[in-house]
Amino acid sequence: MFPILSVTLFAPLLGAILIMVIPREDEKTIQRVGIAFAFLTILLTAFIWVGVAQEGADVMQFQEQYPWIPAFNVTYHLGADGLSAPLLFLTALLTTLSLFYSAYTIKDRVKEYFFLFLLLQMGMFGVFMALDLVLFYVFWEIGLVPMFLLIGVWGGKRRLYAAIKFFLFTLVGSVFMLLAIIGVYFQTGTFSIPEVAEFVATQQPLFAAVPGIATAAFWAFFIAFAIKVPSFPFHTWLPDAHTEAPTAGSVILAGILLKLGAYGLIRITLPFFPDQFNYFSTTVPIIPIMAVMSIVYGALVCMAQWDLKRLIAYSSVAHMGYVTLGLAAAAAGVGMFGEDIYLNAAASGINGAAFQMFAHGIITGGLFFLVGIIYERAHTRDLKAFGGLGSQVPYYYGVMLVTGFASLGLPGLAGFWSEFFVFRGTVRFIPVAAFISVLGVVFTAAYILWKIVQYVFLGELDKEKWGTLTDMEWWEKVTMWPLIVTMLFLGFYPTPLLDMFNAATTALLNNLR
Amino acid sequence: MDFGDTTLTLGQTIGLLSPEILLLFAGLLILALDAILPQEEERDWLPQVALLGLVVALVATFLLWGWNTPVLAVLSCDPFALMVKVIVLVAMGLVVLSSDVYIRVNSRYQGEFYAMLLFATLTICLLGATTNLIMLFLAFDFLSIVSYILTGYLRDDTRSTEAAIKYFLYGATISAVMLYGLSWFYGLTGSTDLSSIAAVLKGAGYIDGDGVVRNMLQPVVLPALVMMAAGFAFKIGAVPFHQWAPDAYEGAPTPVTAFLSVCPKVAGFAVILRVLLTGLPLDLRVLSMDWRTLLMAISVLTMTFGNLVALWQQNIKRLLAYSSIAQAGYILIGVVSASERGTTAVLLYLAAYALTNLGAFAVIIAFSNKTGSDDIEDYAGLSQRAPGLALIMIICLLSLGGIPPTAGFVGKLWLFSAAIEKGLIQLAAIGVINSVISLAYYWKIMRAMYFTPAQTDEHISTSPALAVALGVAVVGVFVVGLFPAPLLGLLQTAAQTFFAG
């Protein structure tokens with residue numbers, strides 16, 4: 001069988017190596033090679049998506065497994081199911097758009113930039129494909145270094161601080177996860193993610209003999225992922241990193257890196273530790289509180305921002321809160337899945353969370369592009385400095401309106417479905433959290449309409465200051481259109497994506513009965 | 001001639017000792033050539049001769065793979081000893097390659113330098129194989145003396161001389177203490193052979209009223225053990241016997257610093273493993289707890305202290321000195337685990353550490369050959385002045401910090417898993433916290449190289465020998481990081497030396 005996952009995984013690496021041998025003066029070739037390889041991965045991941053959909057999204061497809069470190073039973077094991085295939089496609093799409101956009105905006109150290117970006121893409125692919133815990137961890141960390149350098153070298157004024165903060169936050173979380181991974185191995189004798197999940201589903205919970213260890217291992221996994229999501233109170237690295245990163249870096253950070261954390265929660269934490277996840281979602285509801293705080297507090301902080309990029313950064317905290325909330329809802333139902341009504345509600349929570357991962361990637365990726373576009377021209381992101389741009393840059397205004405509406409969850413656009421499904425699941429299991437979180441939806445509408453639309457586009461235009469502002473260039477339109485089309489398409493016809501997620505989710509929940 | 005109680009022929013004995021004999025002859029040959037060759041330029045070939053000696057010894061070592069027998073009653077030719085030889089021979093090869101230009105420029109005496117390096121290699125090979133306390137002490141002290149000479153090799157440089165004196169005074173004292181401790185073992189057991197010592201200690205055990213196995217020698221074994229451990233801790237640079245390291249590292253010629261940071265540690269850990277695992281069997285509770293508790297405390301102190309002090313260093317050699325102290329702390333985790341996995345982990349981490357640290361030092365040597373500076377500040381803008389060097393340095397630093405896909409990650413994976421397997425979760429947790437702390441000071445070097453503008457645009461070139469060393473190190477770091485399986489197979493066989501049956 002054609003090893004399509006390995007090919008997809010290492011295509012960016014091949015591109016990066018090719019870029020390394022191109023002379024640094026030849027920037028055009030470097031850019032073309034980088035974009036070509038990224039575009040190739042779009043085709044490959046689209047093929048994976050179709051293949052998984054046809055073969056059955058509820059089980060791992062295209063699996064490849066070879067011994068890697070036999071002495072420790074570590075294998076090179078890849079696979080894709082209904083959850084990972086769309087995320088792989090999202091990764092490929094956003095990386096390609098980012099590189100395309102960067103070809104026109106990054107003038108400094110082009111060679112290193114494209115090299116690191118492709119390396120980063122490989123790391124992200126690896127996390128979504130890995131079915132071996134050690135392999136997962138390796139890719140998890142591989143992505144860290146390129147992103148660190150992208151922020152540190154091409155970022156804004158406080159880039160060094162932001163870069164090292166990003167690096168250390170993620171690392172601190174993940175090293176404890178490594179210990180937990182090793183612990184899981186000694187318990188089950190395998191590093192295989194499906195096999196451990198199977199062990200938990202059919203034999204006994206992990207560390208059943210020592211509840212203290214089980215709880216510690218649960219938190220080790222949970223916090224490593226929660227830092228990446230990021231969930232309140234582990235979110236403080238995010239505003240700095242997003243604000244200081246170069247535009248394309250912010251797009252990838254918000255669009256994909258945050259999803260790595262959410263993906264880990266669904267793929268690893270929930271199936272490995274259903275009882276602990278349940279306990280901390282119901283009896284001691286720490287996780288729902290974290291989610292609700294992320295949503296409400298994140299949205300409130302957005303209202304107080306005057307830096308457009310920082311505002312969107314905080315909006316990611318709020319939006320990713322829905323992912324955590326959906327998962328907490330599903331976890332709260334563990335043990336009740338015998339009845340269809342509960343099973344459906346829990347599936348709805350996870351589907352909403354997964355849909356939010358995809359939709360948020362598209363929408364917030366778009367928002368960060370739009371911030372970059374205006375910053376390139378105005379050299380400021382201060383909301384108070386703008387006003388009345390609607391008449392000066394109507395095309396930009398239109399694109400921003402659609403993206404902004406998608407972000408606040410307007411029906412007909414992608415963001416609506418994720419919130420709808422998350423709330424549908426949450427109301428069933430943790431109604432209080434759902435009621436409080438609805439406030440977040442209101443606040444989101446408030447900061448999008450009031451802060452962004454009103455302050456930037458409405459009101460009096462300062463002719464002297466902004467009279468020369470030009471509207472979007474063709475390459476900027478080319479960057480934005482695929483995102484807009486996806487938002488509209490998913491808004492009206494979410495079924496293809498939802499079916500993928502639902503198949504994977506149902507399989508997951510059936511294991512937790 | 002008495003060959004002990006084995007049935008080896010003279011030829012076999014010589015064959016089993018061939019790596020050591022070859023090293024000895026290579027060292028003597030270099031001394032002779034140094035005296036005979038009339039022209040200064042002709043002596044520039046001496047590093048190649050030294051390298052050849054190491055390679056031939058390495059080949060001989062591989063040919064011996066599979067043997068497991070005592071030799072001359074004081075040495076052992078077993079997989080463990082052979083793997084220690086492999087690690088140290090490769091490491092010394094890198095040291096010789098890195099020394100080339102530095103020694104030619106800074107010292108008039110090339111021959112003695114390489115001869116000393118080969119003699120040091122010889123002693124470490126012996127230390128990896130010794131099963132007898134007297135042999136252990138002789139090789140141990142020989143290694144110390146060679147190290148003092150190498151540290152003070154730049155006779156006209158006051159810092160080098162000062163470093164050697166400090167190192168010597170400290171080392172001589174510790175040697176005396178250790179010898180005293182070893183003599184206690186002889187006095188208690190009537191033997192200097194490790195397995196005989198173990199047998200006697202075991203025979204002194206009895207079961208007390210509560211059914212606990214106790215040992216009537218317990219009160220006197222404790223001080224002997226502490227004195228012996230002091231000597232070992234000195235060699236590996238573990239707290240509280242680490243104070244010589246920063247001064248010696250800073251003052252010594254940089255290639256010698258590279259040597260000091262790796263080779264004595266390999267020797268020290270080899271001896272620790274063999275003495276503790278064969279001489280003090282675990283089922284015997286020598287102390288009220290056992291020796292692992294003592295080492296666990298040293299491990300925690302060593303890694304934490306080394307990392308915290310390293311945070312404040314401005315000189316790159318001093319920074320790596322403290323870093324190497326911390327690294328010794330990690331490796332002790334594997335010793336404390338006292339298992340087959342732990343022993344494998346120690347050897348694996350030593351191999352990974354040797355490649356990584358020598359790679360980093362090769363960059364430092366290349367840099368100081370050109371600029372004469374070891375200040376981290378002067379590394380500003382290295383990514384533009386020498387992109388290759390800066391990249392290799394980053395890779396090595398990430399490997400020291402344990403970031404995949406490097407050798408350092410695989411090493412740490414093994415160390416921590418050895419600890420977790422034995423339920424030492426707290427120790428593993430302290431280890432990972434320290435790994436994160438260590439990245440904070442490795443970051444200082446990265447920041448200078450990549451994020452601070454260069455003072456000059458002057459390009460930094462690398463000599464061919466150094467380039468080879470850099471290449472071998474960085475390829476090794478990735479090969480061990482990505483495809484550790486073949487090496488691990490060998491190391492597991494080595495570890496089984498102590499855990500068979």
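Tutor: Before we look at how the chains meet, note that two residues count as being in contact when their C-beta atoms, placed from the backbone, lie within 7 Å. Please also keep in mind that this is a predicted model.

Student: How many residues does the contact take from chain B, and how many from chain A?
Tutor: The contact draws on both chains, and each contribution is counted in residues. Chain B gives 22 residues, and chain A gives 21 residues.

Student: Which element supplies the largest share of the side of chain B that touches chain A?
Tutor: The elements of chain B that give two or more residues to this side are helix H17 (407-421), helix H18 (425-451) and helix H20 (485-499). By character, the residues of the side of chain B that touches chain A divide into 17 nonpolar, 3 polar and 2 charged. The largest share, 10 residues, comes from H18(B).

Student: Which residues touch the most other members of the largest nonpolar core?
Tutor: That core has 406 residues. One of the residues in question, Ala91(B), touches Val262(B), Cys263(B), Val266(B), Ala354(B) and Leu358(B), when residues up to four places away in sequence are not counted. The residues that touch the most other members are Phe221(A), Ala91(B) and Val266(B).

Student: What radius of gyration does chain A have, and how does it stand beside the globule rule?
Tutor: The secondary structure of chain A comes to 22 helices and 2 strands. For its 513 residues the globule rule gives 24 Å, and the value for chain A is close to that, so the chain is as compact as a globular protein of that length. The radius of gyration of chain A is 22 Å.

Student: What percentage of the residues in chain A is buried?
Tutor: A residue counts as buried if 20 or more other C-beta atoms lie within 10 Å of its own. Applied to the 513 residues in chain A, this gives a buried part of 62%.

Student: How far apart are the end C-alpha atoms of helix H4 of chain A?
Tutor: Helix H4 of chain A covers residues 110-129, and 19 of its 20 residues are buried, so this helix is largely enclosed by the rest of the structure. At 1.5 Å a residue it should span 28 Å, which agrees with the distance between its end C-alpha atoms, 29 Å.

Student: Which residue in the hairpin of S1(A) and S2(A) takes a positive phi?
Tutor: Strands S1(A) and S2(A) run antiparallel and are joined by 6 bridges, with Pro67(A) partnered by Thr75(A) in S2(A). The hairpin has 4 residues between the strands. The residue with a positive phi near 60° there is Asn73(A).

Student: Is Asn73(A) buried, partly exposed or exposed?
Tutor: Asn73(A) lies in the loop between strand S1 (61-69) and strand S2 (74-80) of chain A. It has 15 C-beta neighbours inside 10 Å, and therefore counts as partly exposed.

Student: Is His379(A), with its positive phi of about 55°, buried or exposed?
Tutor: His379(A) is found in the loop between helix H15 (340-378) and helix H16 (389-392) of chain A. Because it has 8 C-beta neighbours inside 10 Å, His379(A) counts as exposed.

Student: Which residues does the cis peptide bond in chain A join?
Tutor: Most peptide bonds are trans. In chain A, the proline of the cis bond lies in the loop between helix H9 (211-228) and helix H10 (237-244), and omega is about 5°. The residues joined are Phe232(A) and Pro233(A).

Conventions. Residues are numbered from 1 along each chain as its sequence is written. Chains are lettered from A and ligands numbered from 1 in the order in which they are written. This is a predicted model: local features need pLDDT of at least 70, side-chain atom pairs count only at pLDDT 80 or more; totals for chains, interfaces and linings use all residues. A nonpolar core is a set of buried Ala, Val, Leu, Ile, Met, Phe, Trp, Tyr and Cys residues joined through C-beta atoms within 7 Å. A residue is buried if 20 or more other C-beta atoms lie within 10 Å of its own, exposed if 12 or fewer, and partly exposed in between; C-beta atoms are placed from the backbone. Ala, Val, Leu, Ile, Met, Phe, Trp, Tyr, Cys and Pro count as nonpolar, Asp, Glu, Lys and Arg as charged, and the others, Gly among them, as polar. The expected span of a helix is 1.5 Å times one less than its number of residues. Two strands pair if DSSP finds at least two bridges between them. The radius of gyration is taken over C-alpha atoms; the globule rule is 2.2 Å times the number of residues to the power 0.38.
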